[in-house]
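Visitor: I am new to this structure and should be grateful for a close look at its enclosed empty spaces. Please describe what lines them.

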Amino acid sequence: MFFEGSEKKLEIVVNSSVPSLRSLGDGFWSEIVQAAQAQILSQISSDCSLAYLLSESSLFVWDDRFTMITCGQTTLVDAAVKFFESVAPEQVESIIYERKNEYFPHLQHTDFYKDLKILRSKVSGKAYRFGNADEHHVYLFHMDKAFKPHSNDTTIEILMYGLQGTAQNIFRQEGITAQEIRQQMSVDKILPGFIIDDHVFSPFGYSLNALRGENYYTIHVTPQELGCYVSFETNMPAVDDYAEVTQRVLEIFQPKSFDIVNFQSAQTSEVEVPH
């Protein structure tokens with residue numbers, strides 16, 4: 001059975017005229033998630049952030065921003081449109097919309113170019129492609145507005161293809177529990193001191209959200225042989241040792257190949273996407 005594990009990602013930062021996004025309540029965020037054709041399964045919280053585990057990936061909410069990641073056939077761009085029903089574009093400081101190339105793009109309800117047209121009807125911005133068009137690549141749109149993120153505002157994504165060894169056997173095992181996965185794979189110990197919320201899907205699939213203060217990490221596993229895909233993402237500050245974290249993640253999942261996407265102030269080569 002095929003499931004599209006490749007993900008779409010939306011991050012919106014609002015200005016001080018908007019009430020704390022955490023105060024908007026579960027009902028508000030449930031409507032945002034439903035707009036993307038997904039559902040909230042569970043949630044955890046820290047003193048400054050919320051983490052919702054979704055039927056298709058994750059949603060993280062802070063006072064002034066949120067990050068939503070979805071997979072499958074979700075229409076994440078519709079979540080942005082729904083958000084703009086409550087928050088005006090003028091109240092938004094930054095938008096980043098990211099879309100990984102899919103294994104079977106013809107099964108999706110939209111493509112990046114259609115999403116881009118919808119986003120540009122709300123805000124102006126630029127779009128880029130990172131990577132080669134005929135290989136693994138990521139499309140990215142960002143709002144064309146001056147925005148200076150905090151010096152610790154950084155994200156690393158490890159995008160993995162093809163499980164091997166122990167990871168392949170465990171994540172493709174029908175009936176395995178979340179507790180058994182944590183015990184055998186130590187996915188809850190990749191970074192220390194985090195609150196964990198995880199879920200096993202039927203017949204296969206695994207998602208994990210982890211919170212510690214304002215920091216998170218999240219894992220999504222689509223282990224089926226056809227379209228096998230695993231993602232790991234964290235916003236831990238760049239002062240932490242990404243090389244060590246990356247090695248730990250790769251040792252757990254043993255992918256056949258992988259890409260690393262790191263968002264920070266460093267310059268990256270890019271190809272602009274035409275209008």
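Guide: The following account treats the cavities of this model one after the other. The model is a predicted one. A search of the whole structure finds 2 cavities of 30 Å³ or more.

The largest cavity has a volume of about 110 Å³. Its lining is formed by 13 residues, and those closest to its centre are Glu-7, Glu-98, Glu-157, Leu-159 and Glu-233. Strands β6 (92-100), β9 (155-161), β12 (215-222) and β13 (229-234) are the elements that each contribute two or more residues to this lining. Of these, β13 supplies the largest share, with 4 residues. Sorted by class, the lining of the largest cavity comprises 6 charged, 4 nonpolar and 3 polar residues.

The second largest cavity has a volume of about 50 Å³. Its lining consists of Phe-171, Gln-173, Gly-175, Ile-176, Ile-181, Val-200, Phe-201, Pro-203, Phe-204, Gly-205 and Tyr-206. In this lining 8 residues are nonpolar and 3 are polar, while no charged residue takes part.

The two linings may thus be set side by side. Charged residues number 6 around the largest cavity, whereas the lining of the second largest cavity has none. Nonpolar residues number 4 in the lining of the largest cavity and 8 in that of the second largest. Each lining includes 3 polar residues.

Key: Residues are numbered from 1 along each chain as its sequence is written. This is a predicted model: local features need pLDDT of at least 70, side-chain atom pairs count only at pLDDT 80 or more; totals for chains, interfaces and linings use all residues. Side-chain values use heavy atoms; hydrogens and water are left out. On a 1 Å grid over the protein atoms alone, a cavity is a set of points where a 1.4 Å probe fits but cannot get out, and a pocket is an open set with protein on both sides within 12 Å along at least five of seven lines; lining residues have an atom within 4 Å of a point. Grid points are joined across faces, edges and corners, and a volume is the space filled by probe spheres set on the points. Ala, Val, Leu, Ile, Met, Phe, Trp, Tyr, Cys and Pro count as nonpolar, Asp, Glu, Lys and Arg as charged, and the others, Gly among them, as polar.
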